[in-house]
Each structure stands twice: as structure tokens, then as C-alpha cells.
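Trainee: I should like to work through this model by question and answer. May we begin with the charged side chains and then move inward?

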Amino acid sequence: MSLVTLQLLDFLEFVIIGIIISIIFDFFRAYRSARKTNNFMVLIQDIIYFFLVTIIIVFSIINILDSNLRGYIFFAIILGILVYISILSRFFLKIYDMFFKTISFTIELLLLPLKLFLQIIKKIYKFFEKYIKKCCKKFLYVLSFICRKFLNIKFLNIKFKRRG
């Protein structure tokens, strides 16, 4: 193969790498739109994206170009990003949106028994709440009385209203 043909193939491979980088970017973008993320999580995601892109580009330069840095690879990556944004981005965003909705639905479905169990526990607690509070009050009153009278400890300065 001629040198021009090899460089053209390298150029096309880096266009594909630009498309891959954009696919990863849209994944993070779709995740952010599917879930509300705070600024700290956005920062962490940006750092993860930066490291992923750096690793992809460096390993591509090492493997494809045998560690020879060519000027046209940056143009090829930018061209790949532009091709992806203009042609494929909407399609991948719909796929990612469907993916995150499916994951969210599955997690909700798996957590449904736990939510039901917690609601039952909450109802039982609400039913017995006044009895539990009354029992705890009496226990604390007895504990305070024992500490004041027998142990002469004053740090449990709990005052209770006596109902007549």
C-alpha cells in the first residue's frame, strides 16, 4: 500500500474515534437529563469523561500511528465529532433515553416489595405510636428517678409532667 493510502486509512480511523468520543459524550448527556444531578456529580462525570477520552486518544495514537503524532488526526477527530452531531446524535439520544427509562423502571420494580414492606411498618408504627411514646416516657421517668435517688447523678435532668 502506498503512503497516501495508509494515511487516508489512519484519517478514517480517527474520524471513527471522534464518533466514539461523541457517543460517550451523549451517554453522559443522556444520563444527566434522565436523572437530576448536582454540580458535584457533573464535575465527577466530566472528570471521568476527560480520562476516558484521553485514554482512547492516547492508545489510538500509540496503536494506529505507532506513536507518531500527525497534525491531521485532530482534524479527523473534530470531523468525526461533527459528523456524529449532525447525523447520529438524535438517534443515540433516543436509544440512551429508552435505556435509562428501562433501567429506572427495572429498579423501581425490584424495589417495590421493599417499599411495600416499609409502608406496612410505617402503618404499624403509626397505629402503636402513642403507646410507644407513653412506654418510652415512663421508662425515661423511672430511669431518671433511679439516677437521682439511688445514684445521685444529676446529668439526666429530665422533667416530666405528671398527669393527675
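Trainee: Which residue forms a salt bridge with Asp97, the side chains meeting at 3.4 Å, N to O?

Mentor: This is a predicted model, and the contact in question joins two side chains of helix α3. The partners are 4 residues apart in that helix, so about one helical turn separates them. Asp97 is partly exposed at 35% relative accessibility. Its partner, exposed with a relative accessible area of 53%, is Lys101.

Trainee: How far apart are the closest N and O atoms of Glu108 and Lys115?

Mentor: Glu108 is partly exposed, with a relative accessible area of 40%, and Lys115 is likewise partly exposed, at 38%. A salt bridge requires nitrogen and oxygen within 4 Å. For Glu108 and Lys115 the closest N and O atoms satisfy this at 2.8 Å.

Trainee: Which residue of helix α2 is linked to Arg32 of helix α1?

Mentor: Arg32 counts as partly exposed, at 26% relative accessibility. Its salt bridge has an N to O distance of 2.4 Å and links distant parts of the chain, 14 residues apart. The partner in helix α2, itself partly exposed at 37%, is Asp46.

Trainee: How many salt bridges does the count come to?

Mentor: Those discussed include Asp97 with Lys101, Glu108 with Lys115 and Arg32 with Asp46. The count comes to 4.

Trainee: In what order do the elements of the protein run from the N terminus on?

Mentor: The secondary structure comprises 3 helices and 0 strands. Helix α1 covers residues 3-34 and helix α3 residues 72-151, while helix α2 covers 39-65. From the N terminus on, the order is therefore α-α-α.

Trainee: Which helix gives the most residues to the largest nonpolar core?

Mentor: That core has 17 residues, and Phe14, Ile21, Tyr49 and Ile57 have the most contacts inside it. Helices α1, α2 and α3 each supply at least two of its residues. Beyond its neighbours within four places in sequence, Ile21 is in contact with Tyr49, Val53, Ile57 and Ile77. The helix that gives the most, with 8 residues, is α1.

Trainee: Is Tyr84 buried or exposed?

Mentor: Tyr84 is found in helix α3. Leaving aside neighbours within four places in sequence, its contacts are Ile19, Ser22, Ile23, Asp26, Ser89 and Phe92. The limit for burial is under 20% relative accessible area. At 1% relative accessibility, Tyr84 counts as buried.

Trainee: Which residues does Ser22 touch, not counting those up to four places away in sequence?

Mentor: Ser22 is found in helix α1. This serine is buried, with a relative accessible area of 5%. The residues that Ser22 touches are Ile81 and Tyr84.

Trainee: With which residues is Ser60 in contact, leaving aside its neighbours within four places in sequence?

Mentor: Ser60 lies in helix α2. With a relative accessible area of 11%, Ser60 is buried. Its contacts are Phe14, Ile17 and Leu65.

Trainee: What is the arrangement of the aromatic pair formed by Phe11 and Tyr72?

Mentor: A search of the whole structure finds 13 aromatic pairs. The rings of Phe11 and Tyr72 are 6.3 Å apart, centre to centre, with 45° between the planes. Phe11 lies in helix α1 and Tyr72 in helix α3, so the pair ties together parts that are 61 residues apart in sequence. The arrangement is tilted.

Trainee: Why is the pair of Phe27 and Tyr96 classed by a different term?

Mentor: Phe27 lies in helix α1 and Tyr96 in helix α3, so this pair ties together parts 69 residues apart in sequence. Phe27 is partly exposed at 31%, whereas Tyr96 is buried at 12%. The ring centres are 5.4 Å apart and the planes stand at 85°, so the pair is edge-to-face.

Trainee: In which helix is confidence lowest?

Mentor: The protein averages a pLDDT of 84, and 90% of the residues score at least 70. Confidence is highest in α2, at a mean of 91. The helix with the lowest confidence, at a mean of 85, is α3.

Methods. Residues are numbered from 1 along each chain as its sequence is written. This is a predicted model: local features need pLDDT of at least 70, side-chain atom pairs count only at pLDDT 80 or more; totals for chains, interfaces and linings use all residues. Side-chain values use heavy atoms; hydrogens and water are left out. Rings of Phe, Tyr and Trp (its six-membered ring) pair if their centres lie within 6.5 Å; planes under 30 degrees apart count as stacked, over 60 as edge-to-face and the rest as tilted. Buried means under 20% relative accessible area, exposed over 50%, partly exposed in between (1.4 Å probe, protein chains only). A nonpolar core is a set of buried Ala, Val, Leu, Ile, Met, Phe, Trp, Tyr and Cys residues joined through side-chain atoms within 4.5 Å. Contact means heavy atoms within 4.5 Å. pLDDT is the predictor's confidence in each residue, from 0 to 100.
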